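Trainee: I've got the coordinates loaded and would like to go through them piece by piece.
Mentor: Fine by me; bring your questions and we'll reason each one out.

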Amino acid sequence: MAGRVHPRQLAFSLPHAESLSRDNFLEGPANAAGLALIDSWPEWPNRIMWLAGPEGSGKSHLAAIWADEAGARSTTANALTAAAVPGALATGALVVEDLKAKEFDERALFHLMNLAREDEGYILFTGREVPAALDIELRDLRSRLRAVPVVSLLPPDDQLFRGLIVKFCTDRQLNIDESVVSYLATRLERSSAAARHAVDLLDSEALRLGRPVTRALAAELLRDT
């Protein structure tokens, strides 16, 4: 019929389960040092450790593995307040994620480190930068943080990068073949964050168009973005 408007399929962003268990962690040279740190607990060189790495490098996954093993509570750096410190460290172990300059209460963090030392508690900090790169006004905190041992995660190598693409697709229950993996692996920025973003876009676009995830669809998507 002339002038007939065909309905367009809508794509809804539905939540998808992402396992942060040890069994679901992809190992490789890039994260070997971080995994060794988690596996060596409680025989750490220091009761307070720092896990550094770029976005999507696996810091949160490793922190979740350690939290499960150590019975640790978790918080973000910008949510930590002085009043909340005793409760946060109540189990004797705490993950403090995503430390960024000027985005956390310095006195609360200093109080936390002092309490951990007094109570012989464990803390695992995560951040994109190392402590020495943070602009911290409180001199005692600056000195204390810079003494914390740092374990760094590196960008993924080719094998790990391909594995991450497959994992993110599996998390979203996407069926893909090797041609899609190879196409993405040779054209995306070599980072976990880029792989996750590309898979999210592929999933949304495939749902919107009612098409399977193929190399052709990946090529269209990357060309348009």
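**Walking through the model**

Trainee: Is Asn46 buried, exposed or partly exposed?
Mentor: The relative accessible area of Asn46 is 31%. Buried means under 20% and exposed over 50%, with partly exposed in between (1.4 Å probe, protein chains only). So by those cut-offs Asn46 is partly exposed.

Trainee: Before going on, what pLDDT does the protein average?
Mentor: Keep in mind that this is a predicted model, where local features need pLDDT of at least 70 and side-chain atom pairs count only at pLDDT 80 or more, while totals for chains, interfaces and linings use all residues. Residues are numbered from 1 along each chain as its sequence is written, and side-chain values use heavy atoms, leaving out hydrogens and water. pLDDT is the predictor's confidence in each residue, from 0 to 100. Here 91% of the residues score at least 70, and the protein averages 89.

Trainee: Over which residues is the pLDDT below 50?
Mentor: Look at a stretch that has nine contacts in the model beyond near neighbours in sequence, a contact being heavy atoms within 4.5 Å. The stretch with pLDDT below 50 is residues 1-15.

Trainee: What pattern does the protein follow along the sequence?
Mentor: Helices (H or I, at least four residues) and strands (E, at least two) are DSSP runs, numbered from the N terminus. They come to nine helices and five strands. Read in sequence order, the pattern is α-β-α-β-α-β-α-β-α-β-α-α-α-α.

Trainee: Back to Asn46: which residue's backbone nitrogen lies 2.9 Å from a polar atom of its side chain?
Mentor: Asn46 is in the loop between helix H1 (32-40) and S1. A polar contact is a pair of N or O atoms within 3.5 Å; within protein, one must be able to donate a hydrogen and the other to accept it, and residues adjacent in sequence count only if both atoms are side-chain atoms. At 2.9 Å from the side chain of Asn46, the backbone nitrogen belongs to Ile48.

Trainee: What relative accessibility does Leu51 have?
Mentor: Leu51 lies in strand S1. Setting aside neighbours within four places in sequence, Leu51 touches residues including Leu37, Leu62, Phe125 and Leu153. Leu51 counts as buried because its relative accessibility is 0%.

Trainee: Which helix gives the most to the largest nonpolar core?
Mentor: A nonpolar core is a set of buried Ala, Val, Leu, Ile, Met, Phe, Trp, Tyr and Cys residues joined through side-chain atoms within 4.5 Å. Of the 27 residues in the largest one, Leu109, Leu112, Phe125 and Leu141 touch the most other members. Elements that each supply at least two residues include strand S1 (48-52), strand S4 (122-127) and helix H4 (106-119). With seven residues, the one giving the most is H4.

Trainee: How many residues are in the other core?
Mentor: The other core lies apart from the largest one. Its members include Ile165, Cys169, Val213 and Ala219. Its residue count is 23.

Trainee: How far does H8 reach from its first C-alpha to its last?
Mentor: The expected span of a helix is 1.5 Å times one less than its number of residues. H8 has 18 residues, for which 26 Å is expected. The model comes close to that, reaching 26 Å.

Trainee: What arc do the buried residues of H8 cover?
Mentor: Among the buried residues of H8 are Ala194, Ala195, Ala198, Val199 and Leu202. An α-helix has 3.6 residues a turn, so residues three or four places apart point the same way. The arc is that of the directions from the helix axis to the C-beta atoms. The buried residues sit on the same side of H8, because their arc is only 165 degrees.

Trainee: Which helices cover those buried residues of H8?
Mentor: H9 also has buried residues, Leu217, Ala218, Ala219 and Leu221, and they pack against H7 and H8. On H7, the cover of the buried residues includes H6, H8 and H9. For H8, the cover includes H6, H7 and H9.

Trainee: Last one: which backbone nitrogen does the side chain of Ser191 reach?
Mentor: Ser191 sits in the loop between helix H7 (178-185) and helix H8 (192-209). Ser191 is buried, at 13% relative accessible area, and beyond its neighbours within four places in sequence it is in contact with Pro156 and Phe161. At 3.1 Å, its side chain reaches the backbone nitrogen of Ala194.
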